[in-house]
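Dear colleague,

I am handing over the structure we spoke about, and the sequence and coordinates follow directly below. After them I have set out what was found, in an order that I hope is easy to follow with the model open beside the text.

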Amino acid sequence: MKFTLGFSPCPNDTFIFDALVNQKIDTEGFEFNAILEDVETLNQWTLQGKLDITKLSFPAFFRATDKYVMMNSGSALGKGVGPLLVTNSKFKSQKSKNEAELVEEAAIALPGINTTANLLFSFAYPKATNKKFMIFSAIEDAVVNGEADLGVIIHENRFTYQQKGLHKVTDLGEHWEEKMKAPIPLGGIVIKRNMEKDIQLKVDRLIRKSLEYAFANYPLVTDYVKAHSQAMSEEVMRKHIDLYVNNYSIDLGSDGKKAIQTLYDVFLNNNQDVKKDNSLFL
């Protein structure tokens, strides 16, 4: 049986899925056609129901619960892992305005309307609406070049923004943690809801098996991870993996599911056109 499987070229995703798609583990008769794309592309495809299994941002999942169900393995949640709001100069409040007012008036670059980064930014700054959506890897340069006053960065850009002369304004993940007392749900792995339950569970088990294989060989960075790493150093790749791949990636558990449910409730509060689904998880 063959499946289409979408995930990003970022080290955390290639680290998780390497053994699965390259059959370094026994896939028990299943084959996976890996399709690597930017997460916002995967989000758009999710709304179309294009892939059998896919990595995605949680807001995209929340809009597609009729098509997909969240799996237990492969997600990215944690503490201290959230997106950062950055600027190209030290962010100093004008005497007549506080920081929130300045952010509300600024042009902000974000990595996609359906991304968790956008949801967390809106959670912190609900009145800021002057948004420019672009591929995540272009945001640093957009802020450096003055195309945007502020940018919300994710993934490996957390480790490189200071090298480009950018400065942190707000840790959006930290803001979420302080307000909601929950880990930050960044991205998940979903499977088509209409598949047979035993197939869904088997795929879920294979993803966990793939990740356990990767952990067993870590800190080795495989050629597959390097090939898609966009010229990152191995040090940055490992920082990326260390930050985004953790116990929640092995299994969401009750804490992970509770955090996702909390984010879902915030999403529903801000998107009252979306009907609530009570069966988010496999």
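In what order do the 5 strands of the open sheet lie? Please keep in mind throughout that this is a predicted model. The order is β8-β7-β9-β6-β10, with mixed pairing, and the edge strands, each of which pairs on one side only, are β8 (131–133) and β10 (167–171). On average, and with direction ignored, neighbouring strands in this sheet are turned by 30° against each other.

Going through the pairs, strand β7 (residues 108–110) runs parallel to β8 over 3 bridges, and Ala109 stands opposite Lys132 in β8. Strand β6, by contrast, pairs in the antiparallel sense with β9 over 4 bridges, where Leu85 stands opposite Val152, and it also pairs in the antiparallel sense with β10 over 4 bridges, where the bridge partner of Val86 is Lys168. Helix α7 (residues 172–180) packs on this sheet, touching β6 (84–87), β9 (150–153) and β10, and its direction makes about 25° with that of β10.

Is β6 covered on one face or on both faces? Both are covered, since Leu84 and Val86 on one side are buried, and Leu85 and Thr87 on the other side are buried as well. This arrangement can be read against a general pattern: in a regular strand the side chains alternate between the two faces of the sheet.

Leu85 deserves a second look. Together with Phe61 and Phe121, Leu85 touches the most other members of the largest nonpolar core, which has 48 residues, and the helix that gives the most to this core is α12 (residues 253–270), with 7 residues. Leaving aside residues up to four places away in sequence, the contacts of Leu85 include Val103, Ile108, Phe121, Tyr125, Leu150, Val152 and Leu172, as well as His167 and Lys168. Apart from this core lies another, of 34 residues, among them Val69, Leu206, Ile207 and Val225. In soluble globular proteins, nonpolar side chains tend to be buried together.

Turning to helix α10 (residues 234–244), which of its residues are buried? They are Val236, Met237, His240, Ile241, Leu243 and Tyr244, and because they cover an arc of only 165° around the axis, they lie on the same side of α10. Glu235 and Asp242, on the other side of α10, are exposed. The background to this is that an α-helix has 3.6 residues a turn, so residues three or four places apart point the same way. What covers the buried residues of α10 includes the helices α1 (11–21), α9 (223–227) and α11 (247–250), together with the strands β5 (76–78) and β11 (184–192).

Finally, some figures for the protein as a whole, which has 12 helices and 11 strands. Its radius of gyration is 19 Å, close to the 19 Å that the globule rule gives for 282 residues, so the protein is as compact as a globular protein of that length. Its C-alpha atoms fill a box of roughly 65 × 45 × 30 Å, taken along the principal axes. Of the 282 residues, 57% count as buried, and among contacts between residues at least 6 apart in sequence, 73% join residues at least 24 apart.

With best wishes

How values were computed:
Residues are numbered from 1 along each chain as its sequence is written. This is a predicted model: local features need pLDDT of at least 70, side-chain atom pairs count only at pLDDT 80 or more; totals for chains, interfaces and linings use all residues. Side-chain values use heavy atoms; hydrogens and water are left out. Buried means under 20% relative accessible area, exposed over 50%, partly exposed in between (1.4 Å probe, protein chains only). Helices (H or I, at least four residues) and strands (E, at least two) are DSSP runs, numbered from the N terminus. The arc is that of the directions from the helix axis to the C-beta atoms. Contact means heavy atoms within 4.5 Å. A nonpolar core is a set of buried Ala, Val, Leu, Ile, Met, Phe, Trp, Tyr and Cys residues joined through side-chain atoms within 4.5 Å. Two strands pair if DSSP finds at least two bridges between them. Axes are lines fitted to C-alpha atoms, for helices over the stretch in contact, and angles run from 0 to 180 degrees between N-to-C directions. The radius of gyration is taken over C-alpha atoms; the globule rule is 2.2 Å times the number of residues to the power 0.38.
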